[in-house]
Each structure stands twice: as C-alpha cells, then as structure tokens.
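Please look over the sequence and the structure shown here before reading on. The report that follows takes up one topic at a time, so that each can be traced in the picture.

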Amino acid sequence: MATESVKAKMVVDKEFQISEIDPRVYGSFIEHLGRAVYGGIYEPEHPTADQHGFRQDVLDLVKELQVPIVRYPGGNMVSAYNWEDGVGPKGDRPKRLELAWRVIETNQVGTNEFVDWAKAANTDVMMAVNLGTRGVDAARNLLEYCNHPGGTYWSDLRKSHGYENPHNIKVWCLGNEMDGPWQVGQKTAQEYGRLAYETAKAMRLVDPSIELVTCGSSNSNMPTFPSWEAETLEHTYDVADYISLHQYYGNRSGDTANFLAKSMDMENFIQTVISTCDYIKAKKRSKKKMYLSFDEWNVWFHSNQQDKEIEPWTVAPPQLEDVYTFEDALLVGSMLNTMLRHSDRVKIACMAQLVNVIAPIMTENGGAAWKQTIFYPYFYTSVFGRGVALNPVVSSPKYDSKDFTDVPYLDPSVVYNEEKEELVIFATNRHLEKDLEVDIDVRSFEGYSVIEHVVLENENAKAINTATEENVKPHTNGESYLDDGKLVGIFPKFSWNMVRLQKKN
Ligand code: AHR
C-alpha cells in the first residue's frame, strides 16, 4: 500500500438478505433530446450504420452494459409529443417544434424504430405517455397501437406500418415530472392524480397485463416534496405499480468530499418516498406494496452553462453533453450501491441517459463511440450485480462535510449470486487521502476465494476520458486477499472497487 490506511469492518452473511435484485434496476433512458437519438443511436450516414440507420458501434457498447430496459421517448419531451407523428412512412412524418428543449424534431425515429433498436440492443422498452398536452385518449390509443394483436383501428394501423406482431411493451410511465414548472402542461397534485388515475384505468382496460409508473416529484428539492407523493398516491395507489423518483447531483462548488457524500441524500430521498407510500398504504388499509422506479438518476451539471448558448430550433444540437470526471464515476458507483441496498423496494432504475445526453456512451457524428468515466461502475455493477442483495453490517470511520454529517468513508453493496456461487462486493472509498483496510467477515462463504479485484482510481479528481484518450479506466490489480477465513479488502484512497469471490470446486 502506497499510503497510510484507516480500518473498517464489515460482516457479510448469506442469511442477511435484502431481496432478489430486479435486473431492471440497471435500466437506462433515451429521450428525443440533443444527440441521444439523432447522431447517437441513429445515424444512417455513419460507416457502422445498419439498414435501419442504427449505429452498430453504439449498439455494441450498449450491449456491453447489459441494459435490461430503456425508458423512451422522454423525459420533458414527452409532455408535448404527438406519438402519431413518429409512425408510418418516414417521408410523411411532420417536422415539429419540440418545446421542451426548443429544437426541431424530425420524427425520423418513432415508436416502431425504437422498438426495433431495443430488440437489437437486447433490451425492453419502458414507454412514457404524454400527460402534459394530452391525456387518456392518446395514451389508450398508443397502447392499442403497440400491444393489441389486431382487428382494430390502431392495431391494424401498426400492421399496415409493417409490424404484424404486437410490441407487447410491459412498463408504461404515466407522464413525466408533472410537478415541474418547466413541464409543458404542468399539473397540480390533484389535477395529476385524477388524470393519472383515469389514464391508468383506461390503459388497464386495453391491456391488463401492463405495469404502470405514477409520477413522483421531479427531485427531492421540489417545494411540494413529499406532499406531491402523498396527494397523488391518494388517487393512483390502487392502479399504479411503481412511483417514480428522479435525482441529479453536481459538484458546483468543487467540494469533492461533500460531492461524494451526495448518495446519502439519495438514501434519504428513497427512505422518504418509501415512508410516504407506506403511509398511504396504511391510510387506505391496502394490502398492496408500492414499488419505486428511480427512472432518472445521474450526475448532471457540467453542461449547464454551454447549453444556454445553443441556438434554438436546430436539429439534434449537442445538448446536455456532460463530460464526466473521475469523481463523478465514484458518485455513480455509490448511487448504484444505494439503490442495491434498497432492492426490496427499488425495482426499476434508469441511468439518465444512455448516449450523448448526460451519458456513459458518447459519439462523434460520423466518428468514434467512446466510454465516459461513469461507464465503468455502471458496467461492472450491471454485469456482476445480479442475484440477491445482502445487507452488509458496516462499521466504518466517518467524516462531516458541508451538507452531511457522519458520512461513512466505506460505502458498499453486496450481491450473492447463488447460481454462479459468486459473492460480489462493490465499494467506494470516500477517503481522499487514505486507503481503507476492511476486515470482512465472510463466515457463511466457506470455500470461496478472491478471483478478481477491480479498482477505479485516479490521482486527479477531474480526469476525463475523450474519444482518443482513456485516462480513467479500471485495473485489476486490487489487493484484497483471504486471511484465515476472513477477507481483507484493501480499497485505495478515493476509489471505486469490485471484489469478486467464487467457490472453489
Ligand atoms: O434527463 C434530462 C431531463 O431531466 C428529463 O427530460 C427530465 O425528465 C428531467 O428533468
């Protein structure tokens, strides 16, 4: 070890189970915004584009991430979107003013193209309906178009567009951030609650097998949080399966210790939403449990200023193109840990977004696709974080930062994959100067040995990747070892780690 270390302890036991992890917690999001669709997943002139115009280099990176579900088409954009504009012969599709991001939407990609893309990416679609400018009618028609087998106006229209079989989209969002003043068609809690309930009722009549997400607050700083949740759930509790949470963090003041602690805010946010759901459950004497869909989460602040300079009414300008730093990747790792520790209630989560727009994958128009720093914790957690989340009993030294007290330096999550006989520990070391030497009691994992310790570390908190230079990438020289039945986890200062143990046969 290069630097002095501090000690921490952890007990991990097969019996301390939180829940089976729903793979959809590793979901993502593609909005018609900036270069996410046009120049991101779709660029017919690109050398790697297939016959549908989908970039294969992007698809390869998406497949690497093993993303199980992708939310679409927005986001703020959905609140003024006419889905009918995006189906049928491409030549007939109208160009529209897209009000949320003040661009021109060409509608060359719509519902069917996105379903095709999702198939190619081995992922499911999570579809949002417009409850801003529209409502029950447009939502039930879109659902009929997508999921009804045939013999009706909208399902036959789908067939006439070349899609004989229904898309069978299972998860549907009842609008987006409807509490936000920036939202076209913003609603009060009462207005939204009633509209979401009636929309859900009609949608369930069309297809009872769907799952529905009701809108929670746009973030935990909204003045109406959490009364928005309580008031809207009064209406939607019985018809919705999930309530949405959205949260983005930034390091505007350049205070790294405080920034790394922001996953504690996410922790509070999740706990408050769970409490609010359970309060409504009690109030309604309901037997049903409301689950959480954290369907927008990430770091977002780097591009705020440059976005103010973008000319309005252009096609696919470079909006929200945050270039992520090394410290951003650590917070992303901790946000994933936080959600895994709540896997009994957080069943869906979408990293926002997937390509070019606050994204792990970036592209150059006509050029390369490349991995941002945040790609790595997302990749490893998605690929290896499958199974049962275990509840680690952690004893770690702590620090205080500007906004948080008692921040543990050690921030872990633990996953047990019974089928593969694998135990995986994800851990962020928030200590900026010292390594953490963690004494990990893995008493119920006899016969297991360390097969891999991946470390993401960097001397420079602000290090970034570019299309030509990968400055932030993991190495596999982590130093964890087993000593007399105990695992000693050596987590370098200011790092994100994955330690994988497997049973020896
Ligand atoms: O992801 C970017 C935007 O953030 C989404 O359109 C909106 O839902 C949120 O405010």
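## Helices across a sheet

Helix 10, made of residues 326-340, lies across strand 2, strand 15, strand 19 (410-417), strand 20 (422-429), strand 22 and strand 25 (495-503), and it runs at about 130 degrees to strand 20. The model in which this arrangement is seen is a predicted one. Helix 11, which covers residues 375-384, lies across strand 19, strand 20, strand 22 and strand 25, and its direction is at about 20 degrees to strand 25.

Helix 11 also packs against helix 1 (residues 56-65), at an angle of about 55 degrees and with the two axes 8 Å apart. Because angles between 35 and 65 degrees fall among those counted as oblique, helix 1 is described as oblique to helix 11. Where the two helices meet, Leu61, Glu64 and Leu65 of helix 1 are in contact with Phe375, Tyr378, Phe379, Ser382 and Val383 of helix 11.

## The sheet itself

The sheet is an open one of 6 strands, which follow one another in the order 2-15-19-20-25-22 with antiparallel pairing. Strand 2 (17-20) and strand 22 (448-457) are at the edges and have a single partner strand each, so one side of each is left without a neighbour in the sheet. From one strand to the next, the twist averages 20 degrees.

At one of these edges, strand 2 pairs with strand 15 (residues 388-390) in the antiparallel sense, over 3 bridges. Within this pairing, Glu20 has Val388 of strand 15 as its bridge partner. As a general point, strands of a sheet pair through backbone hydrogen bonds, and they may do so in a parallel or an antiparallel way.

## Salt bridges

How many salt bridges does a search of the whole structure find? The search finds 28, and a few of them are described here. In one, Arg134 is bridged to Glu84, with 2.7 Å between the closest N and O atoms. Arg134 lies in the loop between strand 7 (124-129) and helix 3 (136-147), whereas Glu84 lies in the loop between strand 4 (69-72) and strand 5 (96-98), so the pair ties together parts that are 50 residues apart in sequence. Arg134 counts as partly exposed at 27% relative accessibility, and Glu84 is likewise partly exposed, with a relative accessible area of 26%.

Another salt bridge belongs to the sheet: Glu452 pairs with Arg500, and their closest N and O atoms are 2.8 Å apart. Since Glu452 lies in strand 22 and Arg500 in strand 25, this pair ties together parts that are 48 residues apart in sequence. Are these two residues buried or exposed? Glu452 is buried, with a relative accessible area of 18%, and Arg500 also counts as buried, at 12%. Lys159 forms a further salt bridge with Glu164, at 3.3 Å between the closest N and O atoms, while Glu267, Arg341, Asp411 and Arg430 are linked in a network of salt bridges.

## The nonpolar core

The largest nonpolar core has 160 residues, and the members that touch the most others are Trp117, Trp172, Phe294, Trp297, Met339 and Leu354. Helix 10 supplies the largest share of this core, with 9 residues. In general, nonpolar side chains of soluble globular proteins tend to be buried together.

Trp172 shows what such surroundings look like, for apart from its neighbours within four places in sequence it is in contact with residues including Met127, Val129, Leu142, Leu143, Met203 and Ile210. Leu174, found in strand 8 (residues 171-174), is buried, with a relative accessible area of 0%. Beyond its neighbours within four places in sequence, Leu174 is in contact with several residues, among them Val129, Leu131, Tyr192, Met203 and Cys215.

## The buried side of helix 6

Which residues of helix 6 (residues 227-236) are buried? They are Trp228, Glu229, Ala230, Thr232, Leu233 and Thr236. These buried residues pack against helix 5 (189-206), strand 9 (211-214), strand 10 (242-249) and helix 8 (263-283). In an α-helix there are 3.6 residues a turn, so residues three or four places apart point the same way.

Definitions and conventions: Residues numbered from 1 in each chain as written. Predicted model: local features only at pLDDT ≥ 70, side-chain atom pairs only at ≥ 80, totals over all residues. Heavy atoms only, no water. Pairing = 2+ DSSP bridges. Helix = DSSP H or I, 4+ residues; strand = E, 2+ residues; numbered from the N terminus. Axes fitted to C-alpha atoms, helices over the stretch in contact; angles between N-to-C directions. Contact = heavy atoms within 4.5 Å. Salt bridge = Lys/Arg side-chain N within 4 Å of Asp/Glu carboxyl O. Buried < 20%, exposed > 50% of the residue type's maximum accessible area, 1.4 Å probe, protein only. Core = buried A, V, L, I, M, F, W, Y, C linked by side-chain atoms within 4.5 Å. Parallel < 35°, antiparallel > 145°, perpendicular 65-115°, else oblique.
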